[in-house]
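Thanks for coming. I have one structure to go through today, so please bring it up on your screens.

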Amino acid sequence: MGEMMSLQGNLSSVSFPDLLQLLTMGGKTGTLRLQQEESKKEIYLKNGQIIYAASDNLEDSFENVLIRRGSITIEELNKAKEVSKITGKELPATLVFLNMLTKEKIAEFVHRHVEDIVFSLFSWDDAMFIFEEEKLPDVEFVVHALNTMNILLEGTRRIDEWTRVQKNLPSDNAILRVV
């Protein structure tokens, strides 16, 4: 039996990218839970690769991704949710079952959805986190392992760009006038 790792702390002492890199390099499998104020997000890793992510934030919800991308109507979504309740199958699987979206399309949306949640965490700098090794939820729809290194590079690039933009903006209390 290998040593089980339980890692916990605050993102104020270790940055999210560093934490993700540590888990990736260590080839870890388990659930990383993060909480900032009322928001809770979870990232599931298998052998150091991100396979899924979840968030209790409404704007992060999978349904929102679908509606935002205009791929299904609210009516279709509600119908799928009803069927999903009855069958106990997850929403992505239900949408495929009802022929509302193809498996490929769903895979693409799930992928986007997971990426969006992960990217949103790059801007968190004061959140509690805990990593529970070997604990994975029972989700039917997993992403075919996102390349975590690519995610790290892209996430860091986005943050750098945002920091640059902020640096060039005047301070919050500056008074702007039309020139």
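Which residues touch the most other members of the largest nonpolar core? In this predicted model, they are F16, L32, I43, L95 and V118, and the core has 40 residues. Helix α5, residues 103–121, gives the largest share of this core, with eight residues. As a general point, nonpolar side chains in soluble globular proteins tend to be buried together.

Let me step back to the whole chain. There are six helices and five strands. Read from the N terminus, the order is β-α-β-β-β-α-α-α-α-β-α. The chain has 179 residues, and 37% of them are buried. If you take the contacts with a separation of 6 or more, 67% are between residues 24 or more positions apart. The accessible surface is about 11,200 Å², and carbon and sulfur atoms account for 52% of that.

Now the strands. Start with β2, residues 30–36, which pairs with β3 in the antiparallel sense over seven bridges. Within that pairing, L34 stands opposite K41 of β3. These two strands form a hairpin with two residues between them, and E37 in the turn has a positive phi of about 50 degrees. β2 also pairs with β5, residues 128–133, again antiparallel, over six bridges. There, Q35 stands opposite M128 of β5.

Moving along, β3 covers residues 39–46 and β4 covers residues 49–55; they pair in the antiparallel sense over six bridges. The hairpin they make has two residues between the strands, and N47 takes a positive phi near 50 degrees.

Two residues around β3 deserve some detail. The first is Y44, which is in strand β3. Is Y44 buried or exposed? Its relative accessible area is 7%, so Y44 counts as buried. Its bridge partner in β4 is Y52. Beyond its sequence neighbours within four places, Y44 is in contact with ten residues if you go through the list: G30, T31, Q49, I50, I51, Y52, A53, A54, L136 and P137. The side chain of Y44 also makes a polar contact with the side chain of E42, at 2.4 Å. For a distance in space, Y44 and T29 are 15 residues apart in sequence and 7.6 Å apart from C-alpha to C-alpha.

The second is I43, one of the core residues I opened with. With neighbours within four places left aside, the contacts of I43 are F16, G30, T31, L32, I50, Y52, A53, V118 and L121. In general, side chains in a regular strand alternate between the two faces of the sheet.

That brings us back to α5. This helix has 19 residues and reaches 27 Å from its first C-alpha to its last, close to the 27 Å expected at 1.5 Å a residue. Which of its residues are buried? They are I106, F109, V110, H113, V114, I117, V118, F119, S120 and L121. In an α-helix there are 3.6 residues a turn, so residues three or four places apart point the same way.

Last, D60, in the loop between β4 and α2. Why does D60 count as buried? Because its relative accessibility is 11%, and the cut-off for buried is under 20%. Outside its neighbours within four places, D60 is in contact with K41, S55, H113, I117 and S120. Of these, H113, I117 and S120 are among the buried residues of α5.

Terms used. Residues are numbered from 1 along each chain as its sequence is written. This is a predicted model: local features need pLDDT of at least 70, side-chain atom pairs count only at pLDDT 80 or more; totals for chains, interfaces and linings use all residues. Side-chain values use heavy atoms; hydrogens and water are left out. Two strands pair if DSSP finds at least two bridges between them. Helices (H or I, at least four residues) and strands (E, at least two) are DSSP runs, numbered from the N terminus. A nonpolar core is a set of buried Ala, Val, Leu, Ile, Met, Phe, Trp, Tyr and Cys residues joined through side-chain atoms within 4.5 Å. Buried means under 20% relative accessible area, exposed over 50%, partly exposed in between (1.4 Å probe, protein chains only). Contact means heavy atoms within 4.5 Å. Accessible areas come from the Shrake-Rupley method with a 1.4 Å probe; for residues, only the protein chains shown count as cover. The expected span of a helix is 1.5 Å times one less than its number of residues. A polar contact is a pair of N or O atoms within 3.5 Å; within protein, one must be able to donate a hydrogen and the other to accept it, and residues adjacent in sequence count only if both atoms are side-chain atoms.
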